[in-house]
Amino acid sequence: MSQPPAKAPRTAPQTFHVKSFGCQMNVYDGERMAEMLSARGLTPAAEGLDADLVVLNTCHIRERAVDKVYSDIGRLRREDGTRPMIAVAGCVAQAEGAEISRRASSVDIVVGPQAYHRLPGLIDDALAGRDAVDTDMPVHSKFDALPGRARRASPSAFLTVQEGCDKFCTYCVVPYTRGAEVSRPWAAILDEARALVDAGAREITLLGQNVNAWTGEDEAGRPQGFDGLIRALDRLPDLARIRYTTSHPNDMTQGLIDAHAEVASLMPFLHLPVQSGSDRVLKAMNRSHSRESYLRIVERVRAARPDIALSGDFIVGFPGETEAEFEETLALVRATRYAQAYSFKYSARPGTPAADMPGQIAPEVMDERLQRLQAAINADQHAFNEATVGKRMQILLERRGRHPGQLIGKSPWLQSVHIETPDARIGDMVEVDIVSAGPNSLAGVVAAARAA
Ligand code: SAH
Ligand code: SF4
Ligand code: F3S
């Protein structure tokens, strides 16, 4: 028997909880929403059920990501029959809009990724019983309407510099949920970076759906590409590390490749998704690069920065993918020797061209291919980690580990490193000797601590 619907809240929320799903850009958006709500006097609650307002910042990339959101909504019900106010933000909000409230009647607010600066007004609308759905992609950027960054930032902070995608890969929802490619202005990015550094960030990861497609003009009005932006950030005192994600092979300019050789604070790590090793599949995906052109970029990047750690994204079971085509993907993985990589089973997304393509692959076949691909990637990842044993490197300490006195930091190559160190603090950059390696992390001992 189904329960009666939980009672909707009637008073203005005092506390909030933001939960983000999906990519790092969503994590960034979630932080900005939390900062905005805090600036309006709401206080954060650790758990959704303890909060007056829950923001589910959702991801639409694969079917399972969407299912997670609806099961989370169903769980937001207290024993006394009440529930928090529920706002669905992010890419599901953009893709499904008002349909969400029809599928889950307890949703009070639906707000898309380009409209979340309007959340406070939507809360008022919901309390007044008005329609509270906003999936606009306004001309004026949300960034201009958001409060400044919080006074405290984690040692490793995210900064969105570019949003949206014009590439229209045939399987992907992002061009529809995030809109067209837009670059944030140079000065806004540098200001936000300075604010983050002042708030304690030592490392900034520049974010964008196609981050290396960023373009703009510097303070003198000169046109600049993404590498110019990196060089400007490198000049910020106290910013020790720069990273970026996600980059697209077609936007991998020689300037950016050169920056990997020349800019000391640019970390030796590159996430460069390829999706498939088969030219026929790449074409059907509308990736607009070939297997060869991808491998040539990898070669040029390695020539510029021989120790670079490579990462990628793969989709197995794209419609029509044959066993031989899948083996071309495996061969590309073996040839590239990734330090890490993400692989996904193809998920047919409503409204995308690939969802209607013939030759949809059976789930068992996808499972089997995913296992083989992940085994190959894991072997390379383990070998990459093993190769760092005995080396000394700078580790940025980011959080506490499970054991007392244990801290976890990141190597320049984005490996997690566990360190037993009673003396160092989170935010310190420490010199560490790597003593052992596992498939997913390293262990090290401090050689010399340097104050933050
Ligand atoms: N803009 C980035 C990442 C976008 S989404 C890029 O193009 O590289 C992150 C990853 O999710 C993609 O790289 C792809 O591997 C995966 N992905 C996207 N749509 C998918 C789908 N329909 N099914 C399975 N995986 C998908
Ligand atoms: Fe999606 Fe392709 Fe754009 Fe990446 S480049 S966000 S995979 S459409
Ligand atoms: Fe997901 Fe949207 Fe990011 S669909 S991966 S949250 S851009």
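The following paragraphs lead through a predicted model, from two ligand shells to a pocket, the aromatic pairs and some backbone details.

Ligand 3 offers a convenient point of entry. Its surroundings consist of Cys23, Asn26, Thr58, Cys59, His60, Ile61, Cys91, Arg178 and Gln209. Sorted by class, this shell holds four nonpolar, four polar and one charged residues. Two of its members, Cys59 and Ile61, deserve separate attention.

Cys59 belongs to the loop between β3 and α2. Its relative accessible area is 11%, and Cys59 therefore counts as buried, the limit being under 20%. Beyond the residues up to four places away in sequence, Cys59 touches Phe21, Gly22, Asn26, Ala65, Val66, Cys91 and Val92. Asn26 and Cys91, which appear among these contacts, are also listed in the shell of ligand 3. Phe16 is a further reference point: it stands 43 residues from Cys59 along the chain, and the two C-alpha atoms are separated by 20 Å.

Ile61 is placed in the loop between β3 (53–58) and α2 (63–75). With a relative accessible area of 26%, Ile61 is partly exposed, because this value falls between the 20% limit for buried and the 50% limit for exposed residues. When neighbours within four places in sequence are set aside, the contacts of Ile61 are Cys172, Val173, Val174 and Arg349. Arg349 is 288 residues away along the chain, yet its C-alpha atom and that of Ile61 are separated by 7.7 Å.

The contacts of Ile61 with Cys172 and Val174 lead to ligand 2, since both of these residues belong to its shell. Around ligand 2 are Cys165, Lys167, Phe168, Cys169, Tyr171, Cys172, Val174, Pro175, Asn210, His248 and Arg287. By class, seven of the residues in this shell are nonpolar, two are polar and two are charged.

Phe168 and Tyr171, both in the shell of ligand 2, introduce the aromatic pairs. The model contains seven such pairs. In one of them, Phe168 and Tyr176 meet edge-to-face, with 5.6 Å from centre to centre and 75° between the planes. The angle qualifies as edge-to-face because it is over 60 degrees. Phe168 has a relative accessibility of 39% and is partly exposed; Tyr176, at 42%, is partly exposed as well.

Another pair is formed by Trp186 and Trp214, whose ring centres are 6.2 Å apart and whose planes are at 40°, a tilted arrangement. Trp186 is part of helix α8 (residues 186–198), whereas Trp214 sits in the loop between β10 (203–207) and β11 (215–217), so the pair ties together parts that are 28 residues apart in sequence. Trp186 is buried, with a relative accessible area of 5%, and Trp214 is buried at 1%. Tyr171, in turn, is linked with Phe318 and Tyr346 into a cluster by ring pairs.

Attention may now turn to the second largest pocket, which has a volume of about 300 Å³. Its lining comprises 19 residues, of which Gln114, Pro138, Ser141, Glu163 and Val182 are the closest to its centre. Two elements, α6 (142–145) and β9 (182–183), give two or more residues to the lining. The largest share comes from α6, which provides three residues. In terms of class, the lining has eight nonpolar, six polar and five charged residues.

Some backbone details remain. The peptide bond from Thr245 to Thr246 is cis, with omega near 0°. Thr246 is found in the loop between β13 (241–245) and α10 (254–262).

Positive phi angles occur at Gln275 and Ser288. Gln275, although not a glycine, has a phi of about 80°. It is placed in the loop between β14 (269–271) and α11 (279–284), and a relative accessible area of 6% makes Gln275 buried. Ser288, likewise not a glycine, has a positive phi of about 60°. This residue lies in the loop between α11 and α12 (291–304). Ser288 is exposed, with a relative accessible area of 53%, because the limit for that class is over 50%.

Notes
Residues numbered from 1 in each chain as written. Chains lettered and ligands numbered in written order. Predicted model: local features only at pLDDT ≥ 70, side-chain atom pairs only at ≥ 80, totals over all residues. Heavy atoms only, no water. Helix = DSSP H or I, 4+ residues; strand = E, 2+ residues; numbered from the N terminus. Buried < 20%, exposed > 50% of the residue type's maximum accessible area, 1.4 Å probe, protein only. Contact = heavy atoms within 4.5 Å. Near = heavy atom within 4 Å. Nonpolar A, V, L, I, M, F, W, Y, C, P; charged D, E, K, R; others polar. 1 Å grid on protein atoms, 1.4 Å probe; cavity = no way out; pocket = protein on both sides within 12 Å on 5 of 7 lines; lining within 4 Å. Points joined across faces, edges and corners; volume = space filled by probe spheres on them. Phe/Tyr/Trp six-rings, centres within 6.5 Å; stacked < 30°, edge-to-face > 60°.
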